[in-house]
Amino acid sequence: SVIQSATDNEKIKLLVKDINDAAENIAVFSSNLMGFAHPAPTALRVSLLDKVVMGVEPIIRGSSGSGTEIAMELEQGCRAAIDAGQIEQAIMHLVVNSIEAIENNGTITIRVKHGSMPEKISALEAELDVKERPAVILEVEDSGCGMNPEDCEKAFEPFYTTKKEKRRHAGLGLATVYNIIAKHDGDVSMESRPRCGTLVRIY
């Protein structure tokens, strides 16, 4: 900034950096909060999900550090009725979480494939799997620190976070992903264990 370049006082430079960081955190938090509270309308059109992932691949690789390996396993021809912009947003939320989890030392794998999604009905207050319907599946898996079962159960709740530095994302990333996929008539699941990485699967 202008102030940092105009002074040789290291204490002032550090204070200005702290102010800039705080302002950036507030801007990111405000943007995430507004996006969560007032999501954009969903405009669905049949698209190739593998092509959508390929479109954000340069951003993903640019966001990751030199110690992060990005692997892509994209089955071609995976068509689904999606809002491409919102799916890109969901992918980036998941990738950012994975980048933070591996701390620039590990692998993030993104997969797109054909599969099926369990359909459930409620009977006598119990959920029963009754059948499966064809679906396109998007997975983001990392080799990071992982989470315990209690955190997994709460991971998609708004404002819930396991990060030590809570100001920047405020626990809205996974909640936003869940809302986006719900608007696509889809589902989201998570598998994770401490020190064994995390797998998020979107149907």
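Biologist: How many aromatic pairs does a search of the whole structure find?

Modeller: The model is a predicted one. A search across the whole structure gives an aromatic pair count of one.

Biologist: Is that pair of rings, Phe156 and Tyr178, stacked, edge-to-face or tilted?

Modeller: A pair of aromatic rings is described by the distance of the centres and the angle of the planes. The ring centres of Phe156 and Tyr178 lie 6.1 Å apart, with the planes at 50°. Planes under 30 degrees apart would count as stacked and planes over 60 as edge-to-face. The angle falls in neither class, so the pair of Phe156 and Tyr178 is tilted.

Biologist: Where in the chain do the two partners lie, and how many residues apart are they?

Modeller: Phe156 belongs to the loop between α5 (149–154) and α6, while Tyr178 is in helix α6. The pair thus links distant parts of the chain, and the separation is 22 residues.

Biologist: Is Phe156 buried or exposed, and what is the state of Tyr178?

Modeller: Buried requires under 20% relative accessible area, and partly exposed covers the range from there to 50%. Phe156 has 17%, so Phe156 is buried. Tyr178 has 40%, so Tyr178 is partly exposed.

Biologist: Which residues of α6 are buried?

Modeller: The helix α6 spans 173–183 and supplies at least two residues of the largest nonpolar core. Its buried residues are Gly173, Leu174, Ala175, Thr176, Val177, Ile180 and Ile181.

Biologist: How many residues does the largest nonpolar core have, and which have the most contacts inside it?

Modeller: The largest nonpolar core has 34 residues. Those with the most contacts inside this core are Leu49, Ile60, Ile87, Ile91, Ile110, Leu138 and Met190.

Biologist: Which element gives the most to this core?

Modeller: Elements that each supply at least two residues include α3 (49–63), β4 (106–123), β5 (126–142), β6 (188–192) and β7 (198–202). Another of them is α4 (84–102). With eight residues, the element that gives the most is α4.

Biologist: Which residues does Leu49 touch, not counting residues up to four places away in sequence?

Modeller: Leu49 is among the residues with the most contacts inside the core. With residues up to four places away in sequence not counted, Leu49 touches Cys78, Ile82, Ile87, Val112, Val136 and Leu138.

Biologist: Cys78 is in that list; what are the relative accessible areas of Cys78 and Cys152, and how many disulfides are there?

Modeller: Cys78 is buried at 0%. Cys152 also counts as buried, at 14%. A disulfide is a covalent bond between the sulfur atoms of two cysteines. The disulfide count is zero.

Biologist: How many salt bridges are there, and what is the closest N to O distance between Arg61 and Glu57?

Modeller: The count comes to eight salt bridges. Arg61 and Glu57 both lie in helix α3, four residues apart, or about one turn of the helix. Arg61 is partly exposed at 38%, and Glu57 is partly exposed at 21%. Their closest N and O atoms are 2.9 Å apart.

Biologist: Which parts does the salt bridge of Arg133 with Asp185 tie together?

Modeller: The closest N and O atoms of Arg133 and Asp185 are 3.5 Å apart. Arg133 is in strand β5 and Asp185 is in the loop between α6 and β6, so the bridge ties together parts 52 residues apart in sequence. Arg133 is partly exposed at 29%, whereas Asp185 is exposed at 54%. The parts tied together are strand β5 and the loop between α6 and β6.

Biologist: What is the C-alpha to C-alpha distance between Arg133 and Met117?

Modeller: Leaving aside neighbours within four places in sequence, Arg133 is in contact with Gly115, Ser116, Met117, Glu119 and Asp185. Arg133 and Met117 are 16 residues apart in sequence, and their C-alpha to C-alpha distance is 5.4 Å.

Biologist: Which residues are joined into one network by salt bridges that share partners?

Modeller: Glu139 in strand β5 and Arg201 in strand β7 are 62 residues apart, and their side chains meet in a salt bridge at 2.7 Å, N to O. Glu139 and Arg201 are both buried. Salt bridges with shared partners make one network of Glu73, Arg111, Lys113, Glu139, Glu141, Glu191 and Arg201.

Methods. Residues numbered from 1 in each chain as written. Predicted model: local features only at pLDDT ≥ 70, side-chain atom pairs only at ≥ 80, totals over all residues. Heavy atoms only, no water. Core = buried A, V, L, I, M, F, W, Y, C linked by side-chain atoms within 4.5 Å. Buried < 20%, exposed > 50% of the residue type's maximum accessible area, 1.4 Å probe, protein only. Contact = heavy atoms within 4.5 Å. Phe/Tyr/Trp six-rings, centres within 6.5 Å; stacked < 30°, edge-to-face > 60°. Disulfide = S-S within 2.5 Å. Salt bridge = Lys/Arg side-chain N within 4 Å of Asp/Glu carboxyl O.
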